[in-house]
Amino acid sequence: MKKSLSALAFTLLSSVTLADPAVGQWVTIDDEDGSQASVVDISINEEGKLQGTIVKLLREKDQGKSCEKCPDDFKDQPVEGLTFMWDLENDGEGEWESGRILDPKSGSIYKSQLEVAEDGQSLSVRGYIGVSWIGRSQKWLRYEAPAAETAAETASADSSAETTEAATAEAAPVETAAETAAAE
């Protein structure tokens with residue numbers, strides 16, 4: 001009975017956190033020059049905590065960079081693929097706090113919090129030292145894949161479906177022939 005209640009609680013927690021509006025891909029905006037800097041993927045890990053990973057660097061000058069000034073395990077890691085935000089705890093729908101965020105440019109790690117706007121299309125991310133009013137904020141925008149990228153994904157999915165159908169069609173006569181031979 002106790003295990004059933006624990007499993008039910010975990011399932012309910014999982015379904016609530018999976019639907020959180022913070023989950024998904026976001027475009028980071030450089031707070032110094034206003035340019036789009038990267039695409040990040042925000043997800044909820046198996047512990048129910050929010051984390052963010054840099055999926056793609058958008059500025060040509062940043063592509064291929066490593067985290068040279070970063071501490072410890074982050075040192076010299078490629079920025080693309082880097083989990084730079086972690087351990088944020090849920091504080092209500094679309095609100096997360098008490099986490100950490102790494103600035104790959106400076107190598108500094110800050111406390112962090114974030115909140116999704118009511119329309120679900122922007123995200124306010126704050127990194128701070130000590131108390132939240134000593135820090136800086138960025139506004140990130142919900143990522144929408146370019147039409148060419150979406151078309152390529154659709155074509156790839158269609159191609160995979162056609163390949164599967166062709167393989168199934170080719171496999172059917174072989175099975176039928178085997179069944180015929182076994183029946184004789």
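**A predicted closed barrel and its disulfide**

In this predicted model, Cys67 and Cys70 are joined by a disulfide, with 1.6 Å between their sulfur atoms. The rule applied here (a disulfide is a pair of cysteine sulfur atoms within 2.5 Å) gives a count of 1 disulfide. Both partners are shielded: Cys67 counts as buried because its relative accessible area is 0%, and Cys70 is likewise buried because its value is 3%. Here, buried means under 20% relative accessible area, exposed over 50%, and partly exposed in between, with a 1.4 Å probe and protein chains only.

Residues are numbered from 1 along each chain as its sequence is written, and side-chain values rest on heavy atoms, with hydrogens and water left out. As the model is predicted, local features need pLDDT of at least 70 and side-chain atom pairs count only at pLDDT 80 or more, while totals for chains, interfaces and linings use all residues.

The fold can be followed strand by strand. A closed barrel of 8 strands runs in the order β1-β2-β3-β4-β5-β6-β7-β8, with antiparallel pairing. On average, neighbouring strands of this sheet are turned by 30° against each other, direction ignored; axes are lines fitted to C-alpha atoms, for helices over the stretch in contact, and angles between N-to-C directions run from 0 to 180 degrees. Strands (E, at least two residues) and helices (H or I, at least four) are DSSP runs numbered from the N terminus, and two strands pair if DSSP finds at least two bridges between them.

A good place to start is β1, which spans residues 24-29 and is mostly covered, with 5 of its 6 residues buried. On one side, β1 meets β2 in the antiparallel sense over 6 bridges, and Val27 stands opposite Val39 of β2. On another, 2 bridges link β1 to the antiparallel strand β8 (residues 135-142), where Arg142 stands opposite Trp26.

The turn from β1 into β2 deserves a closer look. This hairpin has 6 residues between its strands, and Gly34 adopts a positive phi near 80° there. Asp30 belongs to the same loop, between β1 and β2 (36-44), and is classed as buried because its relative accessibility is 8%. The Asp30 side chain reaches the backbone nitrogen of Asp33 at 3.3 Å. That is a polar contact, a pair of N or O atoms within 3.5 Å; within protein, one must be able to donate a hydrogen and the other to accept it, and residues adjacent in sequence count only if both atoms are side-chain atoms. Setting aside neighbours within four places in sequence, Asp30 is in contact (heavy atoms within 4.5 Å) with Ser35, Arg59, Lys105 and Gln138.

From β2 the barrel continues to β3 (residues 50-57), an antiparallel partner joined by 7 bridges. Along this pairing, Ser38 stands opposite Leu57 and Val40 opposite Ile54. The β2-β3 hairpin has 5 residues between the strands, with Gly48 at a positive phi near 80°. In turn, β3 pairs with β4 (residues 83-90) in the antiparallel sense over 3 bridges, and Gly52 has Met85 of β4 as its bridge partner.

Confidence varies along the chain. The average pLDDT (the predictor's confidence in each residue, from 0 to 100) is 81, and 71% of the residues score at least 70. Residues 4-17 stay under 50, and the model has 3 contacts for them beyond four places in sequence. Residues 163-184 also remain under 50, with 0 such contacts.
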